[in-house]
Amino acid sequence: MTKSLIDTAYHTIRTKILTCEYLPGSLLSIYKLSEELAMSRTPISNAIAKLELEGLVISLKNRGVMVKEVSSKEILDMFEVIFTHQMYALEKVETNPLYSFNLSLLNEHLEQQLLDKENDRYFSYATHSLQFIRQIIAAGQNQIMLQIMDQHMDKIIIGSMAI
């Protein structure tokens, strides 16, 4: 089995979860996923294990895999953390000339959000909105804060897409 089969399965399933083709709360069968993706169950199982580590799915013994639901409370809690990180970065940039925003990247994400809004591309809009926020946090040059942001972005997108 090649690494690329696992990656293909992982990226395909992950994309379908994030775009709500597989809705939160829905049950996925490894057997049906292997048929759908035209590959054996082994790379599917490995991809599912990776998605489970990321908190996107939950394995249910003898029932398959469930796409994890993200509660409103969870999303609000994540936004509280992200807001605190933004405030930290803003303070760093304001008080220390060694810190600054990447204005061109911020502008790119903002322009893309405007295009996405005009063209009703909600998934892309949500992604660029969170990337905009991530760029603000990046100005604080704190890698742990960026890792926390990265860990929460997918769940926020799922929660907002499923509304």
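The chain exposes about 9,700 Å² in this predicted model. Carbon and sulfur atoms supply 56% of that area. Of the 163 residues, 34% count as buried. Along the principal axes, the C-alpha atoms fill a box of roughly 55 × 35 × 35 Å.

**Overall build**

Seven helices and three strands make up the secondary structure. Read from the N terminus, the order of elements is α-β-α-α-β-β-α-α-α-α. Contacts often span long stretches of sequence: among those between residues at least 6 apart, 63% join residues at least 24 apart.

**Two helices side by side**

Helices α4 and α5 are set out below.

| Helix | Residues | Number of residues | Reach, first to last C-alpha | Expected at 1.5 Å a residue |
|---|---|---|---|---|
| α4 | 72–95 | 24 residues | 35 Å | 34 Å |
| α5 | 103–118 | 16 residues | 23 Å | 22 Å |

The reach of α4 is close to its expected value. The reach of α5 is likewise close to the value expected for it.

**Helix α4**

Which residues of α4 are buried? They are Ile-75, Met-78, Ile-82, His-85, Gln-86 and Ala-89. Nonpolar side chains such as Ile-75 thus share this list with His-85 and Gln-86. The buried residues of α4 pack against two other helices, α6 and α7. Helix α7 covers residues 143–161.

Met-87 also belongs to α4. Its relative accessibility is 42%. Buried means under 20% and exposed over 50%, so Met-87 counts as partly exposed. Together with Phe-83 and Leu-90, Met-87 makes a nonpolar surface patch. The patch has an area of about 290 Å².

**Helix α5**

Four residues are buried in α5: Leu-106, His-109, Gln-113 and Asp-116. Why do the buried residues of α5 line one face of the helix? Seen down the helix axis, they fall within an arc of 90°, so they share one face. The face turned away from this buried side carries Leu-103 and Glu-118, both exposed.

What covers the buried residues of α5? The cover includes α6, which runs over residues 122–138. Helix α6 also packs against the buried residues of α4. Between α5 and α6 comes a backbone detail: just after α5, Asp-120 takes a positive phi of about 55°.

**In brief**

Helix α6 serves as a shared neighbor: the buried residues of α4 pack against α6, and α6 is included in the cover over those of α5. On the surface side, α4 contributes Met-87 to the patch with Phe-83 and Leu-90, while α5 presents Leu-103 and Glu-118.

Note on methods:
Residues numbered from 1 in each chain as written. Predicted model: local features only at pLDDT ≥ 70, side-chain atom pairs only at ≥ 80, totals over all residues. Heavy atoms only, no water. Expected span 1.5 Å × (residues − 1). Buried < 20%, exposed > 50% of the residue type's maximum accessible area, 1.4 Å probe, protein only. Arc of directions from axis to C-beta. Contact = heavy atoms within 4.5 Å. Patch = residues over 30% accessible without salt bridge, like charges linked within 9 Å, V, L, I, M, F, W, Y side chains within 5 Å. Areas by Shrake-Rupley, 256 points an atom, 1.4 Å probe, with all protein chains shown as cover. Salt bridge = Lys/Arg side-chain N within 4 Å of Asp/Glu carboxyl O.
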